Every structure is written in structure tokens, then in C-alpha cells.
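Here are some notes on the model you sent, set out as numbered points. They begin with the term on which several of the later remarks depend.

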Amino acid sequence: MDLIVHSLYSNKEVFLRELVSNASDALDKLRYLSVTDPDLLKDGPELDIRIQTDKDNGIITITDSGIGMTRQELVDSLGTIASSGTAKFLKTLKESQEANVDSNLIGQFGVGFYSAFLVSDKVAVSTKSPKSEKQYVWEAEAESNSYTIREEKDPEKLIPRGTRLTLYLKRDDKGFAHPERIQKLLKNYSQFVSFPIYTWQEKGFTKEVEVDEDPAEVKTGGDGEPKKEVKKKTKTVVEKYWDWELTNETQPIWLRTPKEVSTEEYNEFYKKTFNEYLDPLASSHFTTEGEVEFRSILYVPATKKEDITDRKTKNIRLYVKRVFISDDFDGELFPRYLSFVKGVVDSNDLPLNVSREILQESRIVRIMRKRLVRKAFDMILGISCSENRDDYEAFWENYGKFLKLGCMEDKENHKRIAPLLRFFSSQSNEELISLDEYVESMKPEQKAIYYIAGDSLSSAKNAPFLEKLNEMGYEVFTFD
Ligand code: ADP
Ligand code: MG
């Protein structure tokens, strides 16, 4: 907890993003399960998030009507930091410190449930799963190392389904319990949540009320009688009341028209969705119609992915008719060598209960896969054509290995991958050369492309075999 609190001291407000994203995940899970089991919605058809603030007492409550947790799930999910997103955060934190990532960026990583304690002395999670008859309350204080779980007995606190978090704010953080403050933070953090978020706001409407005239001012006629035609005076007053107010726009960004979405919005969406802290190198938003209909936004990350063999990357979020299905199907939608591509894919043609088996068999998926792969190539080609040569060098440094693998594995796309390849050569200093560039500077009589491999680039470059070719002015690709 100490480490979290210290590393996030100036980014305390991330707690709200984390808790709202958990609420949104819980709603996603429920919506997905309710497709095959509509009964799950019988306790309340509304899928939303409601946030109420009590600024006098410094309390925030965040209520979602999502999947909730059983008693056992409370123990498993919130019982230890190890099973929480917070453990992932600590790992990323460590890596980013090794990579010298600016600590201001840290607020953009996922921090998980425990971020609630950044601002709270005490947190209560009252939750009702449709799988359980009873509602349970998990409670813990920042100071202690333990938690309690009890059954919710207070009839006023029972909820039909979902989870209610109550944050008892620390003295210095009570400012977060101001309705305007919460609304502002939400607008900033949660613009891509696809469920409505309501906040409890004070509102006012104006109305005209009659006022009693001051008797001293009552005008009298010459005879001392009050004039008959004196009009009753009115004044405008503001009537105050409290009500829920919708705070976010819920249309998913990929359903919008690409022309109307700015690069900043695409980048924000990427960073929020994939917990990234750097803008992507490229993005591509497209719709395909005809035989198979789907919409997608794809991204090339700017951060390095180490493990080429790791197929379970959770890089592609699959939706069917806007319902989030899974982020576990990347391998079915992209070949291994493109597993670094991130994005969302939303199809109207797949069944909602789609499984890995269905995906592997499906003709629709084969067509989708083909289109997605082509779009990924276009996106990469776009980076290679950019004015800024550094962009592609950065890309190549991170993912060059992947494309070389693709060139060997994917015969069908050979011609698309070849122009994307880059190599060092005997004549280049630090600069990467494409095959086209090589061919352009070939000697008139030169018939072949030459390459040499060594333990390192410099040993390849200094190999005695090259002397002759160097004399002839032939360029040689160097591999390590
Ligand atoms: P992550 O979201 O990365 O899994 P968190 O620390 O944010 O990690 O949350 C831990 C777990 O607690 C979640 O995976 C989920 O199972 C459970 N959880 C948290 N908030 C809610 C909620 N509002 N409704 C249902 N389950 C929740
Ligand atoms: Mg989370």
C-alpha cells in the first residue's frame, strides 16, 4: 500500500477511473451472460453506474447494476492484492522505473481496486450476485491489514443486483466528494465507458412567485383609497432540487464516423482501453460492408512487446453487436506475427455466444481475419511512408522481428510484407535500408542481393569476405 500511495501521490484521482472501470467490467459481464440467460436481468433491467457524493461527510458511493460478487468471489477478488489489478500495477511500476518512464505517466497505468485507499480511510463493498440469495459487505480500513465480510441486513441498503462501493474519504481528500468535482473527473476519465454514468447533482429551475407588496409603498389615489388596478408584484426565484444527471456519452467511439473523431480521441481511447501510457504509432478506423460486416479500430503500439511466442495477449477486444465478448481471441483474428496489433473489432454477423471453436470454424471469421490483416499492413505501410523516418525505425526496432517471422510464415502475404522489411547494410551507418532502396542503388551489372550474417552487426560489417564486394561498390545487408 505504501508503494502505491507514494508512486501515485500526485495522481490520486485515478481511483475514480479504476472503480468506474471495474463497474463497467461488471456490467459487461452481466450483459454478456444475459444474452443466453435473460433471467439475470429480472431483478433490474437497467444497466448503469450511479455516483453519489455527500460533501458534508466526505463520502462517495459508486453503485453499478452489474454482475456483483458472491461471498466466495469477494474473498477471491478483493481478499488479497495478489489477485487484483493492483498486482499488475506494481509489476508495471517496477518495469517502468527500470525503463525510466516519467513518473507523471504512472497515473495512466491500471492500478486496480486498491487505488480506493489512495483517498479513503475506509472502504465498504456491498454486493449482490444473481447467483446468491444474500448480499454481502466487504469492509477494510487503510490502516489495518485485514478485512471483514458480513451479510447485509439493513433493508434500506439492499440492492437488487450489482455492487455498491462506499468510500469514506480521508480528511485531506474530502474535496473529492463535491458533486462538481466528481463530474469533472468523470468527464475526463470515463468518456469511453459504454454504460450510462449518472451523478447526483443539485439542480434548479426558475419560477415566478407573487410577492406581497410592502404596505408602505402601496400607492393610493387622491381620495386615499388604494387604486384598484395595482398589479400584484412578482419576482423570479430559483427552486433547488437534487436529481440524477447523465455525465457521459455512451456511443462507442468505433460506431462514430471516422471523419468526426480526432486523433486525440483515438489516442485517448487506446490509452484508456489498453492501459498504455504512450500514444500509439498509428491507428486505423474502418468499416467493412458486404459479405461480412464489422467495424474496427486497430493500433500499432509504441511500446515494445517482448515475447513473440505469447499468443494470449488480450490485444483485441471482440464485440458482437456492441456487447463485449472477450479479449481472449486475438489468436483467432490475427496471425501470430501480428500479435502486437491492438484494437477493437465489433461484428454484427457473429453469434453472441461465440466460442473459440466457432471462431476457428467460421467462414465469416476467415474473411474478417483477411481484412484485419490487410488493414494492419496498410497501417504499418503508413508509418513507413511518414515524413518522420524515426517513427518507422522505432517501429522496426520493436516489431521488425515479428515481420521477418511473418515473411517466412505467411506465404499468402509475402508481397505485402516484403516492402516493410528493413536491414542494416555494409554502406549504411545506423540507417535502416529497405529492399527497394537496396535495388535502387545496385550497380548496373549487379545481379544479386548480397547479405552476410555475423555475431554482431559490426563483426558482419568487418568480415574479410566483404573486401571484394566493397571494392566493387556492392552493398551487402548485414544480419546479426
Ligand atoms: P482487475 O479489474 O484488473 O481485474 P481490480 O483490482 O480492479 O483488478 O479488481 C479485482 C477484481 O475484483 C475484478 O477482477 C473483479 O472480479 C472484482 N470486482 C471489482 N470491482 C467489481 C465490481 N464493481 N463488480 C463486480 N466485481 C468487481
Ligand atoms: Mg479493475
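1. A residue is called buried under 20% relative accessible area and exposed over 50%, and partly exposed in between. The model discussed here is a predicted one, and Lys-321 gives a first use of the term: its relative accessibility is 44%, and therefore Lys-321 counts as partly exposed.

2. Lys-321 belongs to the loop between β11 and β12, and its phi is positive, at about 45°, although the residue is not a glycine. Arg-322 is found in the loop between β11 and β12 as well, and it too has a positive phi, of about 75°, without being a glycine. Because its relative accessibility is 33%, Arg-322 counts as partly exposed. As background for reading these two values, most residues other than glycine have a negative phi.

3. The strands on either side of that loop belong to an open sheet of five strands, in the order β9-β10-β13-β11-β12, with mixed pairing. Its edge strands, each pairing on one side only, are β9 (282-288) and β12 (323-326), and the twist from one strand to the next averages 20°. Within this sheet, β10 (residues 294-300) and β13 (residues 342-347) run antiparallel and are joined by six bridges, with Ile-297 standing opposite Val-344 in β13.

4. Which helices lie across the strands of this sheet? Helix α2 (residues 14-36) lies across β11 (316-320) and β12, and runs at about 90° to β12, whereas α9 lies across β9, β10 and β13, at about 40° to β10.

5. Helix α9 (residues 363-384) has 22 residues, and the distance from its first C-alpha to its last is 32 Å, close to the 32 Å expected at 1.5 Å a residue. At its start, a side-chain oxygen of Ser-362 comes to within 3.1 Å of the backbone nitrogen of Ile-364. The buried residues of α9 include Ile-367, Met-368, Leu-372, Val-373, Ala-376, Phe-377, Met-379 and Ile-380. When looking at how such positions recur, it helps to recall that an α-helix has 3.6 residues a turn, so residues three or four places apart point the same way.

6. A second open sheet has eight strands in the order β5-β4-β3-β6-β2-β1-β7-β8, again with mixed pairing. The edge strands here are β5 (147-151) and β8 (233-246), each of which pairs on one side only, and the twist averages 20° from one strand to the next. Three bridges pair β1 with β7 (residues 197-211) in the parallel sense, and Ile-51 stands opposite Thr-199 in β7. Helix α5 (residues 179-189) lies across β1, β2 (59-64), β7 and β8, running at about 130° to β7.

7. Is Leu-47, in the loop between α2 and β1 (49-54), buried or exposed? Its relative accessibility is 17%, so Leu-47 counts as buried. Leaving aside residues up to four places away in sequence, Leu-47 touches Leu-27, Leu-30, Arg-31, Leu-41, Ser-65, Arg-161, Phe-195 and Pro-196. The C-alpha atoms of Leu-47 and Val-344 are 22 Å apart, with the two positions 297 residues apart along the chain.

8. Finally, the domain assignment divides the chain into domain 1 (2-194), domain 2 (253-390) and domain 3 (424-479). The centres of domain 1 and domain 3, taken over C-alpha atoms, are separated by 57 Å.

Conventions. Residues are numbered from 1 along each chain as its sequence is written. Chains are lettered from A and ligands numbered from 1 in the order in which they are written. This is a predicted model: local features need pLDDT of at least 70, side-chain atom pairs count only at pLDDT 80 or more; totals for chains, interfaces and linings use all residues. Side-chain values use heavy atoms; hydrogens and water are left out. Helices (H or I, at least four residues) and strands (E, at least two) are DSSP runs, numbered from the N terminus. The expected span of a helix is 1.5 Å times one less than its number of residues. Buried means under 20% relative accessible area, exposed over 50%, partly exposed in between (1.4 Å probe, protein chains only). A polar contact is a pair of N or O atoms within 3.5 Å; within protein, one must be able to donate a hydrogen and the other to accept it, and residues adjacent in sequence count only if both atoms are side-chain atoms. Domain bounds come from an automatic or database domain assignment. Two strands pair if DSSP finds at least two bridges between them. Axes are lines fitted to C-alpha atoms, for helices over the stretch in contact, and angles run from 0 to 180 degrees between N-to-C directions. Contact means heavy atoms within 4.5 Å.
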